[in-house]
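Below is a briefing on one model, arranged by topic for reading alongside the coordinates.

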2 protein chains.
Amino acid sequence: MTSFHLPATTPAAEALPAVAPVAPGIVLPGKRLDFPAREPLPLDCGVSLAPFTVAYQTYGTLNAAKSNAILVCHALTGDQFVAETHPITGKPGWWETMVGPGLTFDTDRYFVICTNVLGGCMGSTGPATINPATGQPWGLSFPVITIRDMVRAQLRLVDYFGIDSLFCVAGGSMGGMQVLEWAATYPERCFSALPIATAARHSAQNIAFHEVGRQAIMADPEWCNGEYQRQGKRPERGLAVARMAAHITYLSEAALHRKFGRSLQDRERVSFGFDADFQVESYLRHQGSTFVDRFDANAYLYITRACDYFDLAAEHGDALVNAFRGTRTRFCLVSFTSDWLYPTSENRAVVHALNAAAANVSFVEIATDKGHDAFLLEEPEFFATVEGFLNGCAEHRGLSKP
Amino acid sequence: MTSFHLPATTPAAEALPAVAPVAPGIVLPGKRLDFPAREPLPLDCGVSLAPFTVAYQTYGTLNAAKSNAILVCHALTGDQFVAETHPITGKPGWWETMVGPGLTFDTDRYFVICTNVLGGCMGSTGPATINPATGQPWGLSFPVITIRDMVRAQLRLVDYFGIDSLFCVAGGSMGGMQVLEWAATYPERCFSALPIATAARHSAQNIAFHEVGRQAIMADPEWCNGEYQRQGKRPERGLAVARMAAHITYLSEAALHRKFGRSLQDRERVSFGFDADFQVESYLRHQGSTFVDRFDANAYLYITRACDYFDLAAEHGDALVNAFRGTRTRFCLVSFTSDWLYPTSENRAVVHALNAAAANVSFVEIATDKGHDAFLLEEPEFFATVEGFLNGCAEHRGLSKP
């Protein structure tokens with residue numbers, strides 16, 4: 001396993017030149033916007049970040065009224081390469097089935113924006129980027145950020161585009177947390193909101209799984225107390241274990257059974273050893289070993305921490321309804337029956353709060369055995385739900401059909 | 001964290017002197033039986049183990065007819081210290097609430113035996129014990145064992161006691177797998193069987209979680225390819241991560257929420273750092289760090305592997321009913337509603353097979369939010385179920401009341 005594999009040529013940055021490579025000497029492809037030191041980003045932890053960079057991609061065209069923009073928020077290990085070949089892995093974008101011409105998020109009709117979250121490792125400022133004050137990677141000196149901080153950074157980009165009101169803010173998992181935070185913090189900026197397979201707070205079990213991942217990373221001597229970049233090391237084994245543990249939570253027991261069961265990997269019988277005898281072992285090891293090629297260990301620590309800290313009710317006097325009082329945003333929530341990471345009950349709690357705030361809200365639970373990952377997979381009923389919601393909102397917004 | 005903390009004085013061994021210390025120079029307390037080289041133990045992997053040691057404890061008195069013996073089988077990280085202070089941790093035995101005078105497994109009435117499983121690290125032969133052929137710890141040269149191998153070793157001890165028919169074989173989780181294996185392989189030796197919170201095969205999800213634990217151990221450089229004992233090292237950080245990941249699976253989401261929720265650990269607000277801000281993090285870290293004082297990393301690899309390999313139907317022509325055809329053993333199966341590691345559906349699959357074999361079987365699903373660990377906790381309905389089953393079997397067996 002090596003460090004980031006970059007294509008020989010990278011698309012030109014649209015905004016300012018990159019100041020925040022993920023590693024010294026490496027400039028990631030894609031668009032980015034640099035905010036200078038005079039425009040600091042105040043963070044929940046009490047410090048301000050300046051300068052900082054928001055890396056992003058866009059799809060489709062912003063209309064003259066700037067009324068057709070959809071902000072898509074990515075999940076924990078996602079990034080801004082929503083609907084195009086990933087520059088590191090060479091794989092399709094993570095929502096290429098959803099975002100594109102004629103698709104659910106129809107880029108012939110809508111202007112889709114996705115930012116790499118603050119704290120991430122695909123170009124936005126995070127622990128792997130250079131602290132301009134020291135010329136060294138931030139590492140653990142990077143401030144601990146929150147979901148709200150991620151949203152604040154996104155707002156700056158939305159302002160840059162001159163968009164007063166996003167047509168929709170949409171995302172699954174941690175992306176859904178950002179959607180809820182947008183709707184609660186900047187309700188006048190969200191015409192509609194689409195939180196998918198998410199929760200208004202991280203549960204004890206959610207925190208527990210994240211803590212296992214963090215401990216796996218920190219247990220790796222190559223982590224070097226977070227200073228691995230300076231020391232020319234990479235905590236790949238710890239990060240791979242973290243990914244493996246997390247990956248199990250993205251799938252349902254039924255999906256694992258259907259996909260792998262107890263099938264053996266390229267052998268007739270068990271080896272009576274510790275090789276990957278079972279397909280599910282081989283699959284998990286692959287998930288771990290490929291993940292480390294595209295993700296930074298400290299970014300994993302920071303982003304999981306942001307999720308753990310997320311508790312929207314706590315930000316609003318411990319009553320979730322307060323987060324949404326007086327909102328005019330139109331909501332559609334989607335959950336999946338076999339999602340045990342962010343189960344329907346957590347999504348329903350948000351619906352109850354929205355109902356208590358007399359909000360415009362619909363809620364659909366999709367029957368599937370695919371677990372949490374269902375929001376990334378081919379689920380026709382899910383696609384139809386989202387498309388229907390967007391069509392309805394577009395009609396209210398007066399957006400013409402393509 | 002240090003190596004095994006042993007009390008200054010240890011109980012005298014009842015059988016032969018110990019030949020299988022967990023680490024050179026350390027002799028664990030308790031009873032053990034050494035089988036000499038002329039009495040090898042044939043293993044499923046095709047090799048034979050000789051000599052070998054079975055460490056065990058007993059409670060109560062074997063009656064003259066040798067008809068009142070209950071073999072209790074321990075779970076993955078359990079051991080033979082069922083109902084007495086643990087010699088390393090100083091904590092109560094893991095089933096002290098169940099086993100004792102006047103308790104569910106009434107030692108005024110029954111003779112309770114528990115062996116440390118083959119492959120374990122509390123005195124029975126396993127990877128941490130000395131290979132007499134080399135004078136060095138077995139490490140990864142120890143043969144990979146199965147649940148059936150564990151049962152074969154237990155049978156030797158039962159033979160040593162001259163017990164033709166165990167009154168009952170009982171155990172939860174991996175202990176329940178041993179119970180099923182006993183009933184399938186030595187039906188004439190089991191008057192009754194009590195498999196609790198278990199399964200007749202390890203599911204893909206079960207294997208996946210075990211593989212994460214093994215990879216966490218193997219990722220620790222102190223593991224030294226399994227040779228850490230020779231090199232005077234201990235892969236404590238990897239083993240702790242393995243324990244943390246596994247521990248989450250022992251608890252239900254509801255139990256974690258009830259016990260910890262999002263409560264903070266000794267602080268008013270989050271630290272914006274990577275300390276254990278949340279109680280659940282502190283709890284998990286404690287589970288990890290205390291585990292390494294009492295468990296051996298290679299034993300963890302071997303025992304998890306034995307569970308993964310367990311597939312009772314596969315041992316019987318891929319039809320579970322074949323495992324039980326003609327059985328006269330009386331069965332009682334118990335599952336717990338919130339157990340997602342070995343859910344009711346897996347236990348029910350065993351009941352269906354037993355019914356198809358026209359076996360004498362009862363099945364109780366206990367309503368609890370405590371998850372898989374419920375079989376180790378105070379659950380009055382569970383205790384009553386077991387006691388009722390044992391009383392009924394005792395009547396059929398002609399065992400007098402105490």
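Two strands are taken to pair if DSSP finds at least two bridges between them, and helices (H or I, at least four residues) and strands (E, at least two) are DSSP runs numbered from the N terminus. On that basis, 8 strands of chain B form an open sheet with mixed pairing, in the order E1-E4-E8-E5-E11-E12-E13-E14. This is a predicted model, in which local features need pLDDT of at least 70 and side-chain atom pairs count only at pLDDT 80 or more, while totals for chains, interfaces and linings use all residues. Residues are numbered from 1 along each chain as its sequence is written, and chains are lettered from A and ligands numbered from 1 in the order in which they are written.

**The sheet of chain B**

- The edge strands of chain B are E1 (31-35) and E14 (360-366), each of which pairs on one side only, and the twist from one strand to the next averages 20° (axes are lines fitted to C-alpha atoms, for helices over the stretch in contact, and angles run from 0 to 180 degrees between N-to-C directions).
- Strand E4(B) pairs in the antiparallel sense with E1(B) over 5 bridges, where B:Arg32 stands opposite B:Ala55, and in the antiparallel sense with E8(B) over 4 bridges, where B:Tyr56 stands opposite B:Thr115.
- Strands E5 (residues 69-73) and E11 (residues 168-172) of chain B, by contrast, run parallel and are joined by 4 bridges, with B:Ala170 as the bridge partner of B:Val72.
- In E4(B), 8 of its 8 residues are buried (20 or more other C-beta atoms, placed from the backbone, lie within 10 Å of the residue's own; 12 or fewer would make it exposed, and values in between partly exposed).
- From E4(B), B:Phe52, B:Val54, B:Tyr56 and B:Thr58 point one way, whereas B:Thr53, B:Ala55, B:Gln57 and B:Tyr59 point the other way, and all are buried.

**Helices on the sheet**

- Helix H1 (residues 147-160) of chain B packs on the sheet, touching E1, E4 (52-59), E5 and E8 (111-115) of chain B (contact means C-beta atoms, placed from the backbone, within 7 Å), and its direction makes about 60° with that of E4(B).
- Because 10 of the 14 residues of H1(B) are buried, this helix is largely enclosed by the rest of the structure; B:Ile147, B:Arg148 and B:Asp149 are among the buried residues.
- The end C-alpha atoms of H1(B) are 20 Å apart, which agrees with the 20 Å expected for its 14 residues (1.5 Å times one less than the number of residues), and just after H1(B), B:Gly162 takes a positive phi of about 70°.
- Helix H2 (residues 174-185) of chain B lies across E5, E11 and E12 (192-196) of chain B, running at about 150° to E11(B).

**Domains of chain A**

- An automatic or database domain assignment divides chain A into domain 1 (31-201 + 311-397) and domain 2 (206-304), whose centres, taken over C-alpha atoms, are separated by 26 Å.
- Their contact takes 26 residues from domain 1 of chain A and 21 residues from domain 2 of chain A.

**Chain B against chain A**

- Contacts link 43 residues of chain B with 42 residues of chain A, and H3(B) gives the most to the chain B side, with 11 residues.
- That side of chain B divides into 25 nonpolar, 7 polar and 11 charged residues (Ala, Val, Leu, Ile, Met, Phe, Trp, Tyr, Cys and Pro count as nonpolar, Asp, Glu, Lys and Arg as charged, and the others, Gly among them, as polar).

Notes. Two residues are in contact if their C-beta atoms, placed from the backbone, lie within 7 Å.
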